[in-house]
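Visitor: Please show me the model, and then take me through its aromatic rings with the cut-offs stated.

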Amino acid sequence: MTMEMHSNFVHPVTSLILPVLLRPILSQLERRDAAASQQLRAALTKAEQTHPGLSYEIVMGILKKGDLNVNMNESILRLQGSASETDLVEYRLNRTDEAFQELNKKSASLKRILSRIPDEISDRKKFLETIKEIASAIKRLLDAVNEAAPFIPGTSGKQAVEQRKKEFVKYSKKFSTTLKEYFKEAQPNAVFVSALYLIHQTNQIMITVKSKCE
């Protein structure tokens, strides 16, 4: 990928590098040295909060140093499917109300389906079935947000979640447009990027709901 492409599409990838790529590696390290893993996890999380995108810069720096050509959009999208709840803790609601637990399930389900795109995009029949699954998962997530909305206290909290929902719908439509273009032009990377944006918007809904309810 060119640097120009990085600048255009950097946001969804940068937000996912830490939870989807680095934390699972630290989880594996934890079996060998729990203290070291926890210290690294805390340090990286704090550094990323202070300097958003730092994890991305570290990983890209390593790849550049090793002269490795990796499609980060495709790789992160695929890895999203194997990330555990522990690795994605900031995108998971802790409240036990059924509405919030359903929102957890629906957001995780959509992201898992999206993560299958790199493996299925070359099989037209399978990919068309996956697109139908994505459309259904998007509708179920929006329904779950609507079910949780009455539990969100205050007008400002409800408005914040409603705004996130509108952003999610906007990127859902962009994803649909990108799919139509893919079947004309066969540019899979554009689909990967659009799917990452949709995952990012899903995460933003969860972060917003969590901040207003917990």
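Guide: Rings of Phe, Tyr and Trp (its six-membered ring) pair if their centres lie within 6.5 Å, and planes under 30 degrees apart count as stacked, over 60 as edge-to-face and the rest as tilted. This is a predicted model, in which local features need pLDDT of at least 70, side-chain atom pairs count only at pLDDT 80 or more, and totals for chains, interfaces and linings use all residues. Side-chain values use heavy atoms, with hydrogens and water left out, and residues are numbered from 1 along each chain as its sequence is written.

Visitor: How many aromatic pairs does the structure hold?

Guide: By that centre-distance criterion of within 6.5 Å, the number of aromatic pairs in the structure is 5. One of them joins Phe-100 and Phe-151, whose planes are 65° apart and whose centre-to-centre distance is 5.9 Å, making the pair edge-to-face.

Visitor: How many residues apart in sequence are the parts that Phe-100 and Phe-151 tie together?

Guide: Helices here are DSSP runs (H or I, at least four residues), numbered from the N terminus. Phe-100 belongs to helix H5 (residues 98–115), whereas Phe-151 is in the loop between helix H7 (124–148) and helix H8 (155–185), so the parts tied together are apart in sequence by 51 residues.

Visitor: Is Phe-151 buried, partly exposed or exposed?

Guide: Buried means under 20% relative accessible area and exposed over 50%, with partly exposed in between (1.4 Å probe, protein chains only). Phe-100, at 0%, is buried. Phe-151 has a relative accessible area of 40%, and is therefore partly exposed.

Notes. Helix = DSSP H or I, 4+ residues; strand = E, 2+ residues; numbered from the N terminus.
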